[in-house]
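Please open the model in your viewer and keep the sequence at hand, with the residue labels switched on. This tour moves from one selection to the next and says what is to be found at each stop.

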Amino acid sequence: VLGTPSCRQAMYKQEGVPRTFKEICAVSKVSKKEIGRCFKSILRALETSVDLVQTSDFMSRFCANLSLTSDIQRAANHIARKAVELGICPGRVYTSVAAAAIYMASQASTTKKTQKEVGSVVGVAETTIRAIYRLIYPERAKLFPDNFKFAVPLDKLPAA
């Protein structure tokens, strides 16, 4: 029984449609810890590995579920990638970084989403989004792609 959600997680990753452990837990009623343990056991038994998860693995799905444009999705992807590259949010969970990046990109656009809206789609608490947003906010000028069309100037983005 426990192997089934873990097998699904491995299959999703191998097929390029990863799901978060939280999403697997929601449909399987098995704890995240138990799925993770079984997932690692399956990988060892099959003598295989999967690539590390990145924010970009989930960004298109999250942005689509929020009805955001591809420009906002590209900006959110860029923001998350640069934040990780610059070491602005070390040790943070990829979905939390993705949520903060989506929030920042949407706030700079005409299609604004609240922390609550982003959090409910991504599965991250508003307080977590706020905490990571506060980390990336001071570096906002370094995070957006050069070709992003701002509806709101960088200096007018919300501070939290």
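A crossing of two helices is called left-handed if the near helix is turned anticlockwise from the far one by less than a right angle, and right-handed if it is turned clockwise. Please keep that definition in mind for a later stop, and remember throughout that what is on the screen is a predicted model.

**The whole chain**

Begin with everything shown as a cartoon, where the protein has nine helices and zero strands, so that, by the way helices and strands are assigned and numbered from the N terminus, its pattern along the sequence reads α-α-α-α-α-α-α-α-α. Of the 160 residues of the protein, 42% count as buried.

**Helix α6**

Select residues 94-107 next, which make up helix α6, a stretch of 14 residues. From its first C-alpha to its last, α6 reaches 20 Å, which is close to the 20 Å expected at 1.5 Å a residue. If you now add a surface, you can look for how α6 is mostly covered, with 13 of its 14 residues buried.

**The aromatic cluster**

Keep α6 in view and show the side chains of F58, F62 and Y94, which form one aromatic cluster. A pair of aromatic rings is described by the distance of the centres and the angle of the planes. The count of aromatic pairs comes to seven, and one of them is formed by F58 and F62, whose rings are stacked at 5.9 Å centre to centre with 15° between the planes. Where do F58 and F62 sit along helix α4? They are four residues apart in α4 (residues 56-65), and therefore separated by about one helical turn.

Turn next to the surroundings of these rings: F58 counts as buried because its relative accessibility is 1%, and F62 counts as buried because its value is 0%. The rings of F58 and Y94 have their centres 5.3 Å apart and their planes at 15°, so this pair is stacked as well. Since F58 lies in helix α4 and Y94 in helix α6, the pair ties together parts that are 36 residues apart in sequence. Y94, at 23% relative accessibility, counts as partly exposed.

**Two loops**

Move to the loop between α4 and α5, where S67 is placed. Most residues other than glycine have a negative phi. What is the phi of S67? The value is near 55°, which is positive in a residue other than glycine, and S67 counts as exposed at 58% relative accessibility.

The loop between α5 (70-85) and α6 holds G87, which is partly exposed, with a relative accessible area of 44%. Draw a distance from G87 to I136, and you will find the two 9.9 Å apart in space, C-alpha to C-alpha, although they are 49 residues apart in sequence.

**Helices α7 and α8**

Now select helix α7 (residues 115-122) together with helix α8 (residues 126-136), whose axes come within 9 Å and cross at roughly 110°. Are the two helices roughly parallel or roughly perpendicular to each other? With that angle, α7 and α8 are roughly perpendicular, and α7 passes α8 in a right-handed crossing, in the sense defined at the start of the tour.

**A charge over a ring**

For the last stop, show the side chains of Y137 and R140, where the charged end of R140 sits over the ring of Y137, 3.9 Å from its centre.

Technical notes
Residues numbered from 1 in each chain as written. Predicted model: local features only at pLDDT ≥ 70, side-chain atom pairs only at ≥ 80, totals over all residues. Heavy atoms only, no water. Expected span 1.5 Å × (residues − 1). Buried < 20%, exposed > 50% of the residue type's maximum accessible area, 1.4 Å probe, protein only. Phe/Tyr/Trp six-rings, centres within 6.5 Å; stacked < 30°, edge-to-face > 60°. Lys NZ or Arg CZ within 6 Å of the ring centre and 35° of its normal. Axes fitted to C-alpha atoms, helices over the stretch in contact; angles between N-to-C directions. Parallel < 35°, antiparallel > 145°, perpendicular 65-115°, else oblique.
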